[in-house]
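Me: Hey, I'm new to this one. Can you walk me through it?

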Amino acid sequence: MSAASSPSSRSARKLSARRRQEVVAVLLFSGGPIFESSIPLSVFGIDRQDAGVPRYRLLVAAGEDGPLRTTGGLELTAPYGLEALSRAGTVVVPAWRSISQPPPVEALDALRRAHEEGARIIGLCTGAFVLAAAGLLDGRPATTHWMYAPTLAKRYPSVHVDPRELFVDDGDVLTSAGTAAGIDLCLHVVRTDHGAEAANTLARRLVVSPRRGSDWGGGPQRHLDRSLPEEIGGDPLAEVVAWALEHLHEQFDVETLAARAYMSRRTFDRRFRTLTGSAPLQWLITQRVLQAQRLLETSDYSVDEVAGRCGFRSPVALRGHFRRQLGSSPASYRAAYRARRPQDETEPPAKEPRTPDPAGGPGTGPGSGPGNGPGSGSGPVGAPRRGHATAMPSSSGLPSQPTPVKSDNDTFTSRIPEQPGRLRGDRDVRGRNAAMPGPRDRPVG
């Protein structure tokens, strides 16, 4: 979830006299996924006044000539065309068929007119690409499915993309992450329009959580992923990115990556941002936090040990970046994660005695053998069975303890704001642009 963060002039836009707040137009396109398309139809299109949920009037509009084919080969016929958008106080774009194709010009014009006349515009999942193509996300915070977030940031650099949010409410323009996050955003709209009781009642009818993301210790649940755009596969930087992911347990900085790419730091920053939509420094910090998240879930390493195995120079650096990106301290995250797992998954197996080797070498019992000695990176005997709690071995085959790599610039920084986002009504923004580098004044480790 994210704060409403727009200036008051945005949220105070007056609704045209011919539009009605309770009228919701859902704009469908051919090739759209059926699940996302059905979300606003289920939330706003069924009369549940008997349960105390105020009624919306739903207008399903075709964004192009039909019939509209959805995933699975189903064909839909929308009862309205783009003219329906002229009466709606809320317009929902539940999905777009391909992030590589431009939306129809007529549909973009209709969205712009609706927004100019005060309508609230909502993009679910890849629907954010339609809003961005219409220019409605320029200078605004937004989110989309994490897999497509780098592409959205790259193609529309004026949009402040934050893939960690379930949804972003910027007053008169709202966006959500993938699939189920669309339900979260639609419930948020009902909560904004009619209060928490109506939203909670509707959530019970839909058998979903009325407000996801608040049950992990320390703050909202955040979602991160190490995926990169598909375009990176054939780029020379792909080898450098792969090396970085395999050596996160070592201490290195962006200067090291630039050197491996045989580029200057400035050229490397520019090429990396052009390719991924993210600054290399912020990407590297995120990958280290992701590695720490996995180790906290799957190993019994202390927080200090996790920091070392993820390339942070100190536990303090890990705690700061972990809290800023995931909204919780490492210890709180581990406790909340294990509290939600079945008991047999969270309890480590009993330690078994090691049998001394007659030659005086390492033990031959369970957990012995190569890679289990001090500093080998495979973790203590008795680590949970379900984990992959081993640090990646270095290319030299030496023990994978963090090895400092010195350079002219031996510090990292993060521009991620210190405070997590707040709900509508608090006017500050969390994660304005995770892709933008900040002043180099905070060490990563």
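Reply: Sure, one term to start: angles under 35 degrees count as roughly parallel, over 145 as roughly antiparallel, 65 to 115 as roughly perpendicular and the rest as oblique. This is a predicted model, where local features need pLDDT of at least 70 and side-chain atom pairs count only at pLDDT 80 or more, while totals for chains, interfaces and linings use all residues. Residues are numbered from 1 along each chain as its sequence is written, and side-chain values use heavy atoms, leaving out hydrogens and water.

Me: Ok, so at what angle do H11 and H13 cross?
Reply: Roughly 95°, with the axes of H11 (residues 280-298) and H13 (residues 315-326) coming within 10 Å. The two helices are therefore roughly perpendicular to each other.

Me: And what kinds of residues are in the contact of H11 with H13?
Reply: Seven nonpolar, five polar and no charged. Among them, Ile285 and Val289 are on the H11 side, and Leu318 and Phe322 on the H13 side (contact means heavy atoms within 4.5 Å).

Me: Switching topic: how many residues are in the largest nonpolar core?
Reply: 36, and Leu27, Leu85, Val91, Leu111, Ile121 and Leu137 touch the most other members. Such a core is a set of buried Ala, Val, Leu, Ile, Met, Phe, Trp, Tyr and Cys residues joined through side-chain atoms within 4.5 Å. Apart from it lies another core of 35 residues, including Trp243 and Ile285.

Me: What share of the protein chain is buried?
Reply: 51% of the 445 residues, where buried means under 20% relative accessible area with a 1.4 Å probe, counting protein chains only.

Note on methods:
Buried means under 20% relative accessible area, exposed over 50%, partly exposed in between (1.4 Å probe, protein chains only). Axes are lines fitted to C-alpha atoms, for helices over the stretch in contact, and angles run from 0 to 180 degrees between N-to-C directions. Helices (H or I, at least four residues) and strands (E, at least two) are DSSP runs, numbered from the N terminus. Ala, Val, Leu, Ile, Met, Phe, Trp, Tyr, Cys and Pro count as nonpolar, Asp, Glu, Lys and Arg as charged, and the others, Gly among them, as polar.
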